[in-house]
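I opened this notebook to record what I looked up in one structure. The entries are brief and follow the order in which I worked.

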Amino acid sequence: MENILVVILALAFYLLLKRIMPVVGVRHKTPSELRDQLKVKDKQFIDVRSSEAYNREHIRGFENIPLSELSVNIQKLERSNEVILISDNNRQMKRASAKLKRRGFRYVTTVRGGLQAWNEGGSK
């Protein structure tokens, strides 16, 4: 019985750490670091918010692939090109970046601070 409790506690601790730890191999850049890169052809800019949120407001140059549809639409993305993710929710960006890394994408970047930081930086 003691062993089962230890295993359950270890598993709970592991799951908690997994939630708060960054995804290995994912880069994080500020909006100002990415501003000039929006016109670069070999970069893929993806907004992982819902279609409704994207339609209300989005950054020109970012394509909308909602997190809930990322697995289905992953074939649209080129694995060898950098994928830059943005959202208004850091957890969404983390889940999307983890999904891409598991599927073999080598160059995954998130926008530090997400859409709010982008808007505050005047990078529309």
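The entries below move from the whole chain to single residues.

**Entry 1: Basis.** I noted that this is a predicted model, in which local features need pLDDT of at least 70 and side-chain atom pairs count only at pLDDT 80 or more, while totals for chains, interfaces and linings use all residues. Residues are numbered from 1 along each chain as its sequence is written, and side-chain values use heavy atoms, with hydrogens and water left out.

**Entry 2: The chain as a whole.** I looked up the helices (DSSP runs of H or I, at least four residues) and the strands (DSSP runs of E, at least two), both numbered from the N terminus. The chain has 6 helices and 5 strands, and along the sequence they follow the pattern α-β-α-β-α-β-α-β-α-β-α. I recorded a span of about 60 × 30 × 25 Å for the C-alpha trace along its principal axes. I then looked up burial, where buried means under 20% relative accessible area, exposed over 50%, and partly exposed in between (1.4 Å probe, protein chains only). Of the 124 residues in the chain, 37% are buried.

**Entry 3: The sheet.** I asked in which order the strands of the open sheet are arranged. The order of the 5 strands is 1-5-4-2-3, and the pairing is parallel. Two strands pair if DSSP finds at least two bridges between them. Strand 1 (26-29) and strand 3 (63-64) stand at the edges with a single partner strand each, so one side of each has no neighbour in the sheet. I checked strand 2 and strand 3, which pair in the parallel sense over 2 bridges. Ile46 has Glu63 in strand 3 as its bridge partner.

**Entry 4: Helix 5.** I compared the expected and modelled span of helix 5 (residues 90-102). The expected span is 1.5 Å times one less than the number of residues, so the 13 residues of helix 5 should span 18 Å, and its end C-alpha atoms are indeed 18 Å apart. Its buried residues are Met93, Ala96, Ser97, Ala98, Lys99 and Leu100. I found that these buried residues pack against strand 1, helix 4 (70-73), strand 4 (83-86), strand 5 (108-111) and helix 6 (114-120).

**Entry 5: Salt bridges.** Side chains of opposite charge can pair when their charged atoms come close. I used the criterion of a side-chain nitrogen of Lys or Arg within 4 Å of a carboxyl oxygen of Asp or Glu. The structure holds 2 salt bridges. In one of them, the side chains of Lys43 and Glu82 meet at 2.5 Å, N to O. Lys43 lies in the loop between helix 2 and strand 2 and Glu82 in the loop between helix 4 and strand 4, so the pair ties together parts 39 residues apart in sequence. Glu82 is buried, with a relative accessible area of 8%. Arg49 forms a salt bridge with Asp47, with 2.8 Å between the closest N and O atoms. Both Arg49 and Asp47 are buried.

**Entry 6: Gln37.** Is Gln37 buried or exposed? Gln37 counts as buried because its relative accessibility is 18%. I located Gln37 in the loop between helix 2 (31-34) and strand 2 (44-47). Leaving aside neighbours within four places in sequence, I listed Lys29, Lys43, Phe45 and Ile84 as residues in contact with Gln37; contact means heavy atoms within 4.5 Å.

**Entry 7: Met1.** I closed with Met1, which lies in the segment before helix 1 (2-20). Met1 is exposed, at a relative accessible area of 85%.
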